[in-house]
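These are my notebook entries on one structure, kept in the order in which I looked things up. I begin with the overall figures and then go from place to place.

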Amino acid sequence: MRKIRIQNEKMASILLLLFILIGMSKPVIAQGSIYSIAIPKGTQTYEVQPYDEEKWAKTVTDWFKGDCNKSGAKSKVTTRAIYTNWTWGMYDVFLQQFLPMIYGIESSYALAALVGSLDYDKEYINETYDEEFAIWNVYQAKWFFTKDTFNETANYTWYSTPIFKDPADHAKALEAYNDLITDINREPLIKFLNLIFPRFTPDEYLWNLVLNGLIIPQPANLYLSNLVEALRCSANVRVEDNTLIFRRLGKDILLIEVTFGKRGTQETFTVKNVYGSVIYQITSTHSHDIALNIALLFGIPLIGVIFIYIMYRMRKKKKEPRLKSSSILELKE
């Protein structure tokens, strides 16, 4: 019985090790209504795939920060903290989503202070637009695209990326923002500084969210469909499975396909011409996947070796001659 118990314990250990390796691919899940956040801590690296740089430069520029127009350039984003129960008022949305999206993170607080000096402070904005937004708050560090080695310090060391738990809240936030900046843009000082806050159509709002690293919860296809529907985007925006597709007119008509992965982050960013040919693409890898691949590379052969060894030992024991009970008694006598 003791030998059988030991063998069972060994088998259980092997199965446990296997489950651990498989479980490494599953991010921490936090529930929220019908959606769940699936982004884990870790680093996602983006790389510009080889393309015709001269042709691309004549089409579109300045979509991303850094050397995004160079083949082989890389960017990376490290998720450092995830808060699952968070609520923002409209002031927080204005300060931490709209202002960084328009003017960059480094200018957001200075602009908010300027607007606040014109009596559009936190108290006024939250009282006038009293909607509250339930979000998952993800804090990240970001390195811009570069052909060189990444600096030790990120370009943005700690910035907030909100994930709205209800996609309809994006529509509410957009409506409140457009109303708010209509009043702000009338201020004499804003006109004097030539600091006009832009209005966003639903299409432009969603496009800018994507360029600024939009993260979505799971299931991705359902969230994306409800998001586009809630915003009432035009026919130039559509959803296919977990891919968001934009039809945009730059110097040429372009189709942009943004694919979201199992973590809710953007995995690929592909630009096609009207004929369906890829003219620009960004792909990505996640440190979590790399760690899993390494674990599987070394873990599965190790499990196989252990399993073969145990089977060999079990068969060997079966072949060993056993003394009959009567013989054992005779020996004892």
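**Entry 1, the whole chain.** I started with the surface: the protein exposes about 18900 Å², and carbon and sulfur atoms supply 55% of that area. What I have open is a predicted model, and every value I note below is computed from it. I counted 11 helices and 11 strands in the protein. Of its 333 residues, 41% are buried. I then turned to contacts with a separation of 6 or more, and found that residues 24 or more positions apart account for 67% of them.

**Entry 2, salt bridges.** How many salt bridges does a search of the whole structure find? I obtained 6, and I wrote up several of them one by one.

The side chains of Glu 131 and Lys 172 meet at 3.7 Å, N to O. Because Glu 131 sits in the loop between α5 and β5 (133–146) while Lys 172 belongs to helix α6 (residues 168–184), this pair ties together parts that are 41 residues apart in sequence. I checked the exposure of both ends: Glu 131 is partly exposed, with a relative accessible area of 34%, and Lys 172 is also partly exposed, at 36%.

Next I looked at Asp 183 and Arg 186, whose side chains form a salt bridge at 2.9 Å, N to O. Here Arg 186 counts as exposed, at 52% relative accessibility, whereas Asp 183 is partly exposed, at 25%.

I then noted the salt bridge between Lys 272 and Glu 257, at 3.3 Å, N to O. Lys 272 lies in strand β10 (residues 266–272) and Glu 257 in strand β9 (residues 253–260), so the pair ties together parts that are 15 residues apart in sequence. For Glu 257 I found a relative accessible area of 22%, which makes this residue partly exposed. I also looked for shared partners, and found that Glu 131, Asp 169 and Lys 172 are joined into one network by salt bridges that have partners in common.

**Entry 3, a charged patch.** On the surface I found a patch of negative charge, where Asp 119, Asp 121, Glu 123 and Glu 127 gather. I followed Glu 127 further: this residue lies in helix α5 (residues 122–128), and at 58% relative accessibility Glu 127 counts as exposed.

**Entry 4, helix α8.** Is helix α8 enclosed by the rest of the structure or open? I found that 8 of the 10 residues of this helix (residues 202–211) are buried, so α8 is largely enclosed by the rest of the structure. The cut-off matters to this reading, because a residue counts as buried under 20% relative accessible area. Among the buried residues of α8 I listed Asp 203, Asn 208 and Trp 207, along with Tyr 205 and Val 210. Leu 206, Leu 209 and Leu 211 are buried there as well. Just after α8, I noted that Gly 213 takes a positive phi of about 90°.

**Entry 5, backbone exceptions.** I reminded myself that most residues other than glycine have a negative phi, and that most peptide bonds are trans. Which residues does a cis peptide bond join? I found the bond between Gln 218 and Pro 219, with omega about 0°, and I placed Pro 219 in the loop between α8 and α9 (220–231).

Arg 232, which is not a glycine, has a positive phi of about 60°. I located Arg 232 in the loop between α9 and β7 (237–240), and at 74% relative accessibility this arginine counts as exposed. Asp 241 has a positive phi too, near 55°, and is likewise a residue other than glycine. I placed Asp 241 in the loop between β7 and β8 (243–249), where the aspartate is exposed, with a relative accessible area of 62%.

**Entry 6, a nonpolar patch.** I closed with the surface patch made by Leu 249, Ile 253, Val 274 and Tyr 275, which is nonpolar and covers about 480 Å². Leu 249 has its place in strand β8, and with a relative accessible area of 72% I recorded Leu 249 as exposed.

Notes: Residues are numbered from 1 along each chain as its sequence is written. This is a predicted model: local features need pLDDT of at least 70, side-chain atom pairs count only at pLDDT 80 or more; totals for chains, interfaces and linings use all residues. Side-chain values use heavy atoms; hydrogens and water are left out. Patches are made of residues with over 30% relative accessible area and no salt bridge: like charges are joined within 9 Å, nonpolar side chains (Val, Leu, Ile, Met, Phe, Trp, Tyr) within 5 Å. Accessible areas come from the Shrake-Rupley method with a 1.4 Å probe; for residues, only the protein chains shown count as cover. A salt bridge is a side-chain nitrogen of Lys or Arg within 4 Å of a carboxyl oxygen of Asp or Glu. Lys and Arg count as positive and Asp and Glu as negative; His and the chain ends are not counted. The place of a charge is taken as NZ of Lys, CZ of Arg, CG of Asp or CD of Glu. Helices (H or I, at least four residues) and strands (E, at least two) are DSSP runs, numbered from the N terminus. Buried means under 20% relative accessible area, exposed over 50%, partly exposed in between (1.4 Å probe, protein chains only). Contact means heavy atoms within 4.5 Å.
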